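Reader: Hey, could you walk me through a protein model? I'm new to this, so plain words please.

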Amino acid sequence: MGLNKKRLGDILIDENLINEQDLQEALKEQKRSNKRLGQILVELGLVTEEEIATSLNHQLGILLLTESDKKNIKDEIIGILDEEYIRENRVFPIRREGKMLILAMENPQNIVAVDEIEEKTNLEVMPRITTPSNIDSLIETYLGERELEEFIDSIDEIAFEQVVDDDDIDQSLLQEQLEDTPIIKTVNQIIVTGIRHKASDIHIEPMETGTRVRYRIDGVLQTEMVFHQNIHMALVSRIKVMSGLDIAERRKAQDGRINIEFGNIKADLRISILPSVLGEKVVIRIFDNTNLKLSFNSIGFSADNLRKFKELIKKPNGMILLTGPTGSGKTTTLYTALNYLNEDTKNILTIEDPVEYQIEGITQTPVNPKKDMTFARVLRIFLRQDPDIIMVGEIRDKETAETAIQAALTGHLVLSTLHTNSAAGAISRLVNMGVEPFLIADAVIGVVAQRLVRRLCPQCSSDVDSTEYHLVNDYLTADFTALQADGCDFCNQIGYKGRTAVHELLEVTPKIKESIVAKDPSDKIEQVAIEEGMITLFRDGLDKVNQGITSIEEVLRVADIS
């Protein structure tokens, strides 16, 4: 099969999606990182995956993979290629039409793969261009879940010992339930469902009427399952067995973990068990590396904020702070920045509590107070490790703050997080910790406040009259449009699917420095920042409403009007 071999960079220039300067920057990055050009262009925020796929479609005349193509793929056609080959070559068989094999391809110009597949199958390959995300989705949907179930089923059983000392518990019944295949499969299904739905947490909680299982999906808890109350202890005990906890201890809180790593599935399950009046409640936090995309393109930065943020993290020294409540995506943004900066010429060190995701090429150290490995102590050790970039998971006290600021003032780039409601509030928090304002003014070069909002479902959102929202009328322009969440089968009647972030980025300009040294309150610093060009969380959120990404309700839920 003959395919046009024109370079991707030239194709994108022809489509006016990038210019020559963009291409040269990406090619330079490609030499440093050894990544594919398309991946780099997406990570730089210059193009989207869809734009790359569409450009190849226009240039090569090869059809794009459609949504209908992705549905109803038969097991027998998937089996035509070895699973390892599918994962390694980033292809996926869709269907057979006579002597032709319809094949989804991330890179349709991969002649070697086409020739190999034609030889393996004795069929003529007809490519369908698709995005890396679609290939990942196909692998996860048709291969990942089956592998995940097999993997969890393969976890070795730990012998159950009759060490329960509560006379009210029927020991033989509990042992029988714990070893019962339906209990094992039920726990497996609870975990599989959480990973499949991309939940961040699973709640298994005793109720008076039964055991309720809820999943936190896109930041909101949703009830998915309810079981009879008499199997609750067996469910909890099975989870304890899997995570190496004491099944006999039911009066104290326990923490454990389950690591899942095989094929393209890589997840870390953190287990928290809490005694309550009705029984033990289990919360499983899912850190799913499988779907982790450390790309600025997937975080939600506006073009202007992304440009400013990249300029900040490219500076050789200074402190950059990420602020927001727990679960607002701060750590993901930090990891994305580190991944962007990660190259052989940089020594990057992190201190975290805990290490949530591992990045190759970066030295990551977990906090361990029992071993005197606190944030402040490890930071001091880091300074003897010849670092270029240091990431501190969280600044919690004066000692850590002062040590981090000293690192920033002595030629290092320091990235960290604080729990404050606004970008300007981070300055006041450091002052309240006891850090001298003149040190803050000299060390801090930028602060990013972040919140997560749910994305409107692409299949069921509809127009809404935004003037009905009286709180926002003063901020709307004549051409402002808004959509509302309706709900359909695709989004499970919720109206939202996935999340993105809204930001405000405060650059520490000379005027901001003056305001910090003068010990101005956070609202005064914020006003100066707005005058200097800062877009607030609320206004960034409204921009995303106007773009059809989220709803006004979501913006009002996470951001103060300002």
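Author: Sure, here's a short chat about some local features of this model, which is a predicted one.

Reader: Cool. Which residues gather in the patch of negative charge on the surface?

Author: That patch brings together Asp 82, Glu 84, Glu 88, Asp 115, Glu 116 and Glu 119. Two helices each give two or more residues to the patch: H7, covering 83-89, and H8, covering 111-121.

Reader: And which element gives the most to it?

Author: H8 does, with three residues. Glu 119, for one, lies in helix H8.

Reader: What comes after H8?

Author: There's a loop between H8 and strand S3 (124-129), and Asn 122 sits in that loop. Asn 122 has a positive phi, near 60 degrees, though the residue isn't a glycine.

Reader: OK, switching topic. How many salt bridges does a search of the whole structure find?

Author: The search turns up 26. One pair to look at is Glu 106 with Arg 90, where the closest N and O atoms are 2.7 Å apart. The two partners are 16 residues apart and link distant parts of the chain: Glu 106 is in the loop between strand S2 (100-105) and H8, while Arg 90 is in the loop between H7 and strand S1 (91-97).

Reader: Why can side chains of opposite charge pair?

Author: They can pair when their charged atoms come close.

Reader: Got it. What about strands S5 and S6, do they run parallel or antiparallel?

Author: Antiparallel: S5 (residues 211-217) and S6 (residues 220-227) are joined by seven bridges. Across that pairing, Arg 216 stands opposite Leu 221 in S6.

Reader: How many residues are between the strands in that hairpin?

Author: Two residues, and Asp 218 in this hairpin takes a positive phi near 55 degrees.

Reader: Any odd peptide bonds?

Author: Try the one from Asp 353 to Pro 354: that bond is cis, with omega near -5 degrees. You'll find Pro 354 in the loop between strand S11 (348-352) and strand S12 (363-366).

Reader: Last one: what does the UniProt annotation say about residues 383-397?

Author: The unreviewed UniProt entry labels them "domain: Bacterial type II secretion system protein E". In the model, that span is 0% helix and 27% strand, and its end C-alpha atoms lie 19 Å apart.

Conventions
Residues numbered from 1 in each chain as written. Predicted model: local features only at pLDDT ≥ 70, side-chain atom pairs only at ≥ 80, totals over all residues. Heavy atoms only, no water. Pairing = 2+ DSSP bridges. Helix = DSSP H or I, 4+ residues; strand = E, 2+ residues; numbered from the N terminus. UniProt positions renumbered as here; feature names shortened; annotations may be inferred. Patch = residues over 30% accessible without salt bridge, like charges linked within 9 Å, V, L, I, M, F, W, Y side chains within 5 Å. Areas by Shrake-Rupley, 256 points an atom, 1.4 Å probe, with all protein chains shown as cover. Salt bridge = Lys/Arg side-chain N within 4 Å of Asp/Glu carboxyl O. Lys, Arg positive; Asp, Glu negative; His and termini not counted. Charge placed at Lys NZ, Arg CZ, Asp CG, Glu CD.
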